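Visitor: I would like to know how the labels on a model like this one are justified. Please take me through a few.

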Amino acid sequence: MSPLLFVERGDKSMSRREEYEQKAEQLLSPIVKEMGFELVDIEYVKEAGNWYLRGYIDKEGGITVNDCEAVSRLFSDKLDEKDFIEDSYIMEISSPGLDRPLKKEKDFARAMGKDVEIRTYRPLDKRKEFVGVLKDYNDTQVMIEEDEGSRTFERKDIALIRLWIDF
């Protein structure tokens, strides 16, 4: 991936990616809310040489292709009007899927008492993957209950945390 530019915004610096995600969220949130959906996440990422602006939406009972298409049309019009992204990119609106990562406080709250999978950046006790019941969380730590007992992780050590789906 190419390095991202950093832009000064008040008292903190923000990457171009973060700025685009924030502006896109400001445009997409009212559209999603008006349609009775939930905005789960926005990401601006480079994959296989192309930039993607992705919005993930959800609703009780799940999102349909028609829901994604309706949001996509309205969002596309807003993006064309504001035109704040310098690069060429592909815009996608989709469901976050069952295995979506837990990122925001509401994701963690919804997952309390459920099985989660945690992947760490580096091995802890010679492992990088853990599964257990989400028992507690805060801004800096996540605690799960495994068969062997409770385990607490520093949030900075977690590469991925999501609901565990046992097929």
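Guide: What follows is a short set of labels, each set against its definition. This is a predicted model, in which local features need pLDDT of at least 70 and side-chain atom pairs count only at pLDDT 80 or more, while totals for chains, interfaces and linings use all residues. Residues are numbered from 1 along each chain as its sequence is written, and side-chain values use heavy atoms, with hydrogens and water left out.

Visitor: Why is aspartate 58 called buried?

Guide: Buried means under 20% relative accessible area, exposed over 50%, and partly exposed in between (1.4 Å probe, protein chains only). Aspartate 58 has 14%, so the label is buried.

Visitor: What makes the pair of aspartate 58 and arginine 100 a polar contact?

Guide: A polar contact is a pair of N or O atoms within 3.5 Å; within protein, one must be able to donate a hydrogen and the other to accept it, and residues adjacent in sequence count only if both atoms are side-chain atoms. The two side chains make such a contact at 2.7 Å.

Visitor: How do you know that glutamate 47 and arginine 54 form a salt bridge?

Guide: The term requires a side-chain nitrogen of Lys or Arg within 4 Å of a carboxyl oxygen of Asp or Glu. Here the N to O distance is 2.9 Å. Arginine 54 is at 10% relative accessibility and therefore counts as buried, whereas glutamate 47, at 35%, is partly exposed.

Visitor: How many salt bridges are there in the whole structure?

Guide: The search finds 22. One of them joins lysine 106 and glutamate 38 at 3.2 Å, N to O.
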